[in-house]
Amino acid sequence: MANEDYVEGGIETSESYSYWRKVFQRLKKHKIAMVSLWFLVVLILMAVFAGPLSFGNNPYSYIKSVPWAPRPELAPPGPGHPLGLDNMGRDAWSRLLYGGRVSLAVGFICSFIGAAVGLFFGLISGYFGGITDMLIMRFTDFMLSLPVLPLMVVLSSVIKGSLWTIIFVISIFSWMGVARLVRGEVLSLKEQEFTEAARAIGETPGRIMWIHLLPNSMAPVIVAATLAISGNIIYEATLSFLGLGIRQPTPSWGNMLNGAQTFMLTAPWLMWWPGIAILVTTLAFNFLGDGLRDALDPRLYR
Amino acid sequence: MRNYLIRRSLELIPVLFAIAFVSFWLVSKMGDPFAVLVLNPHVRPEDIQRLRHIWHWDDPLVVRFWYWLKDFVWPRQGWGLSTLAPGQTALQLISRRIPVTIAFSSTSLIAAIILSIPLGVYSALRQYSVADYILTFFAFFGMSMPTFWFGIMLIYLFAVKLHWFPAAGYHRAFFIIKGVPVMFDKAPRWMQFLDEAWHLTLPITVLTVFQVGGWLRYMRSSMLEVKSMDYVRTARAKGLPERTVIYKHAFRNAVIPIITLIGLSFPGLIGGAMITETVFAIDGIGRLTYNAVMSQDVFVAMALIMIFSILVVIGNFLADIFYAVADPRIRYS
Amino acid sequence: MEKEVLLEVKDLRTYFYTEDGVVRAVDGVSFTIHKGEVLGLVGESGCGKSVTSLSIMRLVDAPGKIVGGQIIFKGEDLLKKSEEEMRKIRGSEIAMIFQEPMTALNPVYTIGDQIMEAILTHQDVNEEEAKKQTIKLLDLVGIPDPKKRFNEYPHEMSGGMRQRAMIAMAISCNPDLLISDEATTALDVTIQAQILELMKDLQRKIGMAILFITHDLALVAEMTDSVAVTYTGKIVEYSDVRSIFKNPHHPYTYGLLESIPSLLSEKTKEPLPAIEGMVPSPYRMPKGCHFNPRCPFATDICRKEMPELKEVEPNHLVRCFHPVNVKEEVS
Ligand SMILES: Nc1ncnc2c1ncn2[C@@H]1O[C@H](COP(=O)(O)OP(=O)(O)OP(=O)(O)O)[C@@H](O)[C@H]1O
Ligand code: SF4
Ligand SMILES: [Mg+2]
């Protein structure tokens, strides 16, 4: 009996193979999601190859003088410096490229950590139920009733520092959604036969979670994680804008806007590009996440 | 229903307690609130010693927390002295700045609800129409827009370039009435109100757009999901007019999950208000939080974090109640 | 058979245009229901029974579309009616009970409210009168303590009670035709018997016709006057109930009857093997007779051509090249 069911588990995988192929086919039909995907690929490549794309500039060095402006600080765009120079006389284009590195990295890493922690708590909570479930869910609810941004501000002023500090600060607040999602998913998977069968043939909870529950609750997690990237990029940008995130001289899209309001009148072009970069990137992640959701959830695909 | 309310409110107490402790612990890591008082000309060294004693600042964290919480609930010490605004207590500072924050964030909360729900329904009913695509794009735009940058852009366009709205603050210092300058506080109430509305238009826009996008999309997909439910088909099979089918049977069910979503988005609203106030230089509690953190004004920051937490918890609580009212399945289970 | 014709479905075709291809859920279905008559529509899951009934109500949602045929109700083609005319017919002249009592009622309104709504829509009565009628209806369908139940929500009732409420809703405006789409499938056996009894009783009292949809032939024997057996969106056998049970001619019907031996005619001592295999995927229909992969009598022609629905006995139609003749086989 149990063995037969186990064979069915084998069929499941071949079914899930065609499932993923179908998902991909549906995603391919989702034009905006595909445009976003390609855009993001280009963006990531630009961040990776920031060096060669910088026209020989680097984001840290102060330019001594430019021929088309009296002073290098806040100089408008000109040859070799397509976006001009910032308030300290550094090349804005290369800062934008390198800033993209930081912003994207923070977005991806925080989202990954959030998804991993969320998966962990969600699986445990859903699988074991009872008091474990109650404690984890209470904790999740507690985290959800915190005023996130004020606390992030406090936190990042308490533990000042590096890229990893900011990743830590953002990640703390980015796992709750996934935990709830996964818990719900596990609760419904637990009712299904293959979980029961696996338990019947004496598989350990760890293996059941790893082999059966984790892969089967992946779909909504992927969507949530994709959407979370854009949220995390905005958090990073906001904190850096407030002067609490990525610190000078390291560039990030957020801290490039740090002084934007003060030179709004003299050098407005400096505030266009980092903002536009953040906007189109988060937009692309949101569209991609939405497309993924439609592709993974055929109920809504009509 | 009454039992449900009582039970839910009792459940809030431990949550609030935990939040209070965590935020107290975190904020007190910012620095020593008494060290900075030395620079305050209003406070004598003996006073500092006395204050330190009153707040039990040399005792362990838990004891400190206890005295702080006592004062927060029953403010005999006015929640502690501010270092940012010398001579004022945190309570004085905060209570003067809280009205504007409440006013403009609740306005934009209501505006966002009023906009997103009908637009979401409309978008769902006209799925794949031009209007749906436009709304969808607008919604994604709102969801993806970094609030602070949107604020900066609006300031640049409408304040700096077009001069339609002011760039900062939430009211002018004085009016000129019949050639005579009149202080803001002395001006007629309606003038004050109009001036504040004029100043707050851009901030409210920023905060509203920030919230509308997600809710609109959620309302849309909720409505789409409900539209294909069996009971909607039953309603049609009864021969009800399409309007009744949609607005009585589908809508009521579709709007229930939105209530939870709105309740859960209170932290976001607070964060949004904080950024908006900072960008538009509005002297509310959001900007105060930022300033307090930047200048290590420990007592003010502590009280503010606590107030925000209470607001969030109250928001969730209200959402729960609305949910229970809207969904008959809740009350008994 | 001298009765007046109430509903005549002619060559109805309802297709679903899905992302994976066209599903011909209903493909050329024809049948007739007379006033006060009960017609059974039988077939395995996925044979297009629900889609047929939704087509009659004109409630097929996208991606489904009624692409052909006529649905003549009281002499008029429902497919030619405007949405507004159709709306007036729904609930008042044709009513429907759905397969799933758990999801067919709106969870946020009381039972009473939902029944009353139908009355208020179709009858010129005030709220008080509608409420009175509703309570009477709840009583009629055997819901105890109807005054209290009026104010209860669906989740406070059992499946059986909900289905009774659905029936009350359906008969609230004395429809001429009641479509019962597997109204009892989701219920347990005793409740099922009670509900069927109730329906039979009401049918006699009110004199309405019923389109009785089920995949359970045992129920058909109890409930109906005539039977249409469907397979993959087509009718394969159509006759009055006695003739079908006594003389099933289509191998599929035969197979269905096989699963309930007590119903099969006494004479059949050597039963045919029960139907093997599954209903083919709607996207990959076999060539020829759709039943051929599962049919013990299939020959070459069955794999090439689709048989026509032909009269093999008076008033007994069968879609098969090699109809089973029970009498011959036994003798
Ligand atoms: N919304 C839809 N989209 C695509 N195909 C559909 C849809 N609804 C029904 N179908 C297809 O139409 C066919 C007939 O479905 P229908 O629901 O009428 O079956 P049924 O005979 O009522 O079965 P059951 O006994 O399970 O209720 C099925 O093959 C199904 O796949
Ligand atoms: S036509 Fe052929 S395959 Fe089809 S039912 Fe008859 S004997 Fe079987
Ligand atoms: Mg059906």
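**Exercise 1.** How do the residues of the shell around ligand 2 divide into nonpolar, polar and charged?

*Solution.* The model is predicted, so local features need pLDDT of at least 70 and side-chain atom pairs pLDDT 80 or more, while totals for chains, interfaces and linings use all residues. Residues are numbered from 1 along each chain, chains are lettered from A and ligands numbered from 1 in the order written, and side-chain values use heavy atoms, without hydrogens and water.

Start with the shell. It holds 13 residues, each with a heavy atom within 4 Å of the ligand. Cys289(C), Cys295(C), Cys302(C), Cys320(C) and Phe321(C) come nearest. Then sort by class: 10 are nonpolar, 3 polar and none charged. Cys and Phe count as nonpolar.

**Exercise 2.** Identify the protein donors of the magnesium ion, ligand 3, and place them in the chain.

*Solution.* Donors are N, O and S atoms within 2.8 Å of the metal (3.2 Å for Na, K and Ca); water is not among the atoms, so sites may look incomplete. Ser50(C) gives OG and Gln99(C) gives OE1, at 1.8 to 2.6 Å. Ser50(C) sits in helix H1 (residues 49–56), Gln99(C) in the loop between strand E6 (94–97) and helix H3 (111–122), 49 residues apart. Helices (at least four residues) and strands (at least two) are DSSP runs.

**Exercise 3.** Is Glu182(C) buried or exposed, and which side chain joins it in a polar contact?

*Solution.* Glu182(C) lies in the loop between strand E7 (177–181) and helix H7 (189–206). Its relative accessible area is 4%, so Glu182(C) is buried (under 20%; exposed is over 50%, partly exposed in between, 1.4 Å probe, protein chains only). Its side chain makes a 3.3 Å polar contact with that of His215(C) (N or O atoms within 3.5 Å, one able to donate a hydrogen, the other to accept it).
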